[in-house]
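Q: I'm new to this one and would like a close look at a single part. Could you pick a loop residue and walk me through its surroundings?

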Amino acid sequence: MAANGFIAVQGGVSALDYLTGRSTALEAECLAKTQAGDPLPKTTYLMLLTQTVTDSTTDMTSLVGIEAAGTGYARQPIPWAAASSSTRTSTTSDLVQFGPFSDPTGLAAPVTGAALVTRMTSSAGQPTGLCLMAWNLATPITTSQNQALQLAPGSLQMTLAVS
């Protein structure tokens with residue numbers, strides 16, 4: 001999966017707040033998840049998108065409207081490798097699988113990107129969580145009935161540029 005990505009505004013704000021010792025929206029999100037009984041409050045999830053995301057101000061309200069849909073689709077927890085101190089880069093550490101999709105057309109629309117979010121579910125009326133980062137695919141992916149979409153380890157990466 002060749003993809004280019006960018007950090008979402010909320011992800012950037014959370015990173016800066018963390019570095020400056022401030023309380024962060026991400027910290028508040030983890031607390032809310034813990035209080036709701038989530039056993040892994042720092043887990044992040046990958047949601048598949050059906051439209052290209054062109055603006056880093058993207059938030060959960062706008063993403064829920066373009067999230068992939070189909071029987072067998074669900075956001076997946078995404079495992080990250082420890083960041084390299086030399087490159088300040090972290091990549092996905094394990095295989096991540098969406099599906100298989102049982103609808104006759106697979107997913108309703110081609111997948112054009114993905115977003116790293118803090119909640120496993122949302123609804124269009126009440127999107128919850130934070131969007132931390134988004135990626136757009138070089139080529140859209142279409143799916144068929146009974147097909148699964150898999151991301152190999154290392155398919156996605158995040159790099160913190162320091163100048």
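A: Here is a walk around one loop residue, with some background first and a couple of other spots afterwards.

Keep in mind that this is a predicted model. The protein has 163 residues, and 34% of them are buried. Its secondary structure adds up to 3 helices and 9 strands. Reading from the N terminus, the order is β-α-α-β-α-β-β-β-β-β-β-β. As for how the chain meets itself, take the contacts between residues at least 6 apart in sequence: 72% of those join residues at least 24 apart. On the outside, the accessible surface is about 8,800 Å², and carbon and sulfur atoms account for 55% of it.

Now for the close look, which goes to Pro110. You'll find Pro110 in the loop that links β5 (96–101) to β6 (111–117). Is Pro110 buried or exposed? Neither label fits: its relative accessible area is 35%, so Pro110 counts as partly exposed, since that class lies between the 20% and 50% cut-offs.

What does Pro110 touch, once you set aside its neighbours within four places in sequence? Its contacts are Leu49 and Thr50, plus Pro140, Ile141 and Thr142. Gln51 is worth finding too: 59 residues separate Gln51 from Pro110 along the chain, yet their C-alpha atoms are 8.5 Å apart.

For another loop residue, try Asp38. Asp38 sits between α2 (25–35) and β2 (45–49). With a relative accessibility of 21%, Asp38 is also partly exposed, because buried would mean under 20%. Leaving out neighbours within four places in sequence, Asp38 is in contact with Lys33 and Tyr45. If you look for Arg119, you'll see that it is 81 residues from Asp38 in sequence, while the C-alpha to C-alpha distance is 9.9 Å.

One last stop is a pair of charged side chains. The structure holds 1 salt bridge. Its partners are Glu67 and Arg75, whose side chains meet at 2.9 Å, N to O. Are these two buried or exposed? Both Glu67 and Arg75 are buried.

So, back to the part you asked about: to retrace it on screen, start at Pro110 in the loop between β5 and β6, then pick out its contacts, including Leu49 and Ile141.

Methods. Residues are numbered from 1 along each chain as its sequence is written. This is a predicted model: local features need pLDDT of at least 70, side-chain atom pairs count only at pLDDT 80 or more; totals for chains, interfaces and linings use all residues. Side-chain values use heavy atoms; hydrogens and water are left out. Helices (H or I, at least four residues) and strands (E, at least two) are DSSP runs, numbered from the N terminus. Buried means under 20% relative accessible area, exposed over 50%, partly exposed in between (1.4 Å probe, protein chains only). Contact means heavy atoms within 4.5 Å. Accessible areas come from the Shrake-Rupley method with a 1.4 Å probe; for residues, only the protein chains shown count as cover. A salt bridge is a side-chain nitrogen of Lys or Arg within 4 Å of a carboxyl oxygen of Asp or Glu.
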